[in-house]
Amino acid sequence: MTLYLPVISASLLVLLTACGGGGGDSSPSPQPVEQTSSQLAQICAIENPYIADATAKTTVGTVADEKKWIKAYMDERYFWYRDIPKLNADDVRYNVTTNGALNVVRSVANYFYDSVTPLKTVTGMAVDKFSFFTDTASWNGFVGSTDLGYGLMVKSSSTSGVRVITVSYVYPGSPAMSSGLQRGDQIISIDGALAADSSAQASALFAEGLSPTRVASHTFVFSRAGVTLSKTLLASVVSLQQAEYKVLTTSGGKLGYLLFNSHVPGAENILVQAMTTFKQQGVNDLVVDLRYNSGGYLTIANALAFSVAGSARAQGQTFEMARFSDKRSAENYAMKFSSLGLGNQVYPSLNLAKIYVLVTGSTCSASESFINGLRGVNVQVELIGATTCGKPYGFYPQDNCGLTYAGMELEGVNAKGEGGFSDGMAPQCAANDDLNHPLGDPAEGMLSVALKRIQGLTCTQATGLAIGATSLSGMSLRDHSEVVRPMWQNNKFLQ
């Protein structure tokens, strides 16, 4: 079961404790010694349903103990620790009851999310929209590239105020692919609940079928080019292949196309195969499709960037400088470019001076670090698509009592000191995600723009639209459809 509880604004209650004098003793009262997160770790409320998934031995405590751990953890590790609001842990908001019973998960979630900084970017967006909290089992499944579902990715958009859910990607070898599903198939209903029905009952039924919480069969009705299709899909634990690649022959030579969806360990073997094939076949142009890549392990982004840049440009150079808060400045470090991946796989060197990267608002975190790191060693990276999500921050995942917490701990900059892209990276060429063609098809909208740019056409010529056209909003194009997945997956994280 994937547990994701959204950030909810709350009025901040400040607990003021007064120390009174008396008896003629004017000496100050001794201040209590604050316990560290290590001392408070894994002391768990007996009502917590996730204790069995904790990564270390637990002891019996209360929800107050779990909140004490959160407070200590955030004070020690959070990048914006100075801006943490002062909260009253005894407030009813942090001691939630459901049907008369203590709801530990909701209580600690409220406490954690209310602890993040209220700061805004220059455009008014939340500086920290990425700190998250989920159950440890779901986190481990994500890192292991498994999912309870069907092996498909969907996007949500709105047409005349009506919600539209469209299949954007079908994972190779998945049950969805075996069922014949294709990119561009529109989901009309699940178990009789219409996608366009916003009632509570229909929304709950549709959501359970789309993002299942248990193994079960669900009946889907799709529309494909005006034809209605009905399919029964079994939700089960699916292994997801996170990368695909191909070599295209163009008028200018050979082009490598790499589709990469997540920086997780299961992707590395295919990434190495792809880059090795590109090197063996002498590709002189490379398109990396990160339109749906929400991030993952920074080590993988580093190794892939090294493979693109090659040893002559990258060896000994900084891929990303990690900067912690001022109280942790001694931990700042430069992650040097490395040809070794997370599992010590060796990535080959392509030695490319320029690449093209396909991006959308779902391109996030470690994917942005890949782009920024290459630019730091003078590899020209041309972005095609829409403005990226804007996340230069990272974290080390922390389990406590079977719940994984990720308060943002650091910001990253490249070898030139460039970073701070909280409002996203704007594309040089604006283009829309074309759901009418398979990914990797030269006719697909974003890839076709890259191919035309490689041929020497301008962005205007390649897109067939003026760069300032209102339908694309020019250089600041935002993708108004969203990949349906928990926000917590939009992250980069370290070992």
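**View 1. Aromatic pairs, beginning with Phe133 and Tyr405.** Across the whole of this structure, which is a predicted model, a search finds 21 aromatic pairs. In one of them, the ring centres of Phe133 and Tyr405 lie 5.1 Å apart and the ring planes meet at 65°, so this pair is described as edge-to-face. The two partners come from distant parts of the chain, since Phe133 belongs to strand β5 (residues 132-135) and Tyr405 to strand β23 (residues 403-406), with their positions 272 residues apart in the sequence. Both Phe133 and Tyr405 are buried. These two residues are also members of one aromatic cluster, which they form together with Trp69, Tyr73, Phe112 and Tyr113.

**View 2. The pair formed by Tyr245 and Phe278.** Here the ring centres of Tyr245 and Phe278 are 6.0 Å apart and their planes stand at 90°, so this pair, too, is edge-to-face. Because Tyr245 lies in strand β13 and Phe278 in helix α7, the pair ties together parts that are 33 residues apart in sequence. Tyr245 has a relative accessible area of 32% and is therefore partly exposed, whereas Phe278, with a relative accessible area of 0%, is buried.

**View 3. Helix α7 and what covers it.** Helix α7, which runs over residues 268-280 and has 13 residues, reaches 18 Å from its first C-alpha to its last, close to the 18 Å expected at 1.5 Å a residue. Which residues of α7 are buried? They are Glu268, Ile270, Leu271, Val272, Ala274, Met275, Thr277 and Phe278. The elements that cover these buried residues include the strands β13 (243-250), β14 (253-260) and β15 (285-289), as well as helix α8 (298-309). After α7 comes Gly282, a residue whose phi is positive, near 65°.

**View 4. Two lysines placed over aromatic rings.** The charged end of Lys327 sits over the ring of Tyr81, at 4.2 Å from the centre of that ring. In the other example, the charged end of Lys391 sits over the ring of Phe130, and here the separation from the ring centre is 5.4 Å.

**View 5. Ala426 in its loop.** Ala426 is found in the loop that lies between strand β24 (410-413) and strand β25 (429-430). Its relative accessibility is 33%, which falls between the limits of 20% for buried and 50% for exposed, and so Ala426 counts as partly exposed. Although Ala426 and Gly361 are 65 residues apart along the chain, their C-alpha atoms are separated by 9.9 Å.

Definitions and conventions:
Residues numbered from 1 in each chain as written. Predicted model: local features only at pLDDT ≥ 70, side-chain atom pairs only at ≥ 80, totals over all residues. Heavy atoms only, no water. Helix = DSSP H or I, 4+ residues; strand = E, 2+ residues; numbered from the N terminus. Expected span 1.5 Å × (residues − 1). Buried < 20%, exposed > 50% of the residue type's maximum accessible area, 1.4 Å probe, protein only. Contact = heavy atoms within 4.5 Å. Phe/Tyr/Trp six-rings, centres within 6.5 Å; stacked < 30°, edge-to-face > 60°. Lys NZ or Arg CZ within 6 Å of the ring centre and 35° of its normal.
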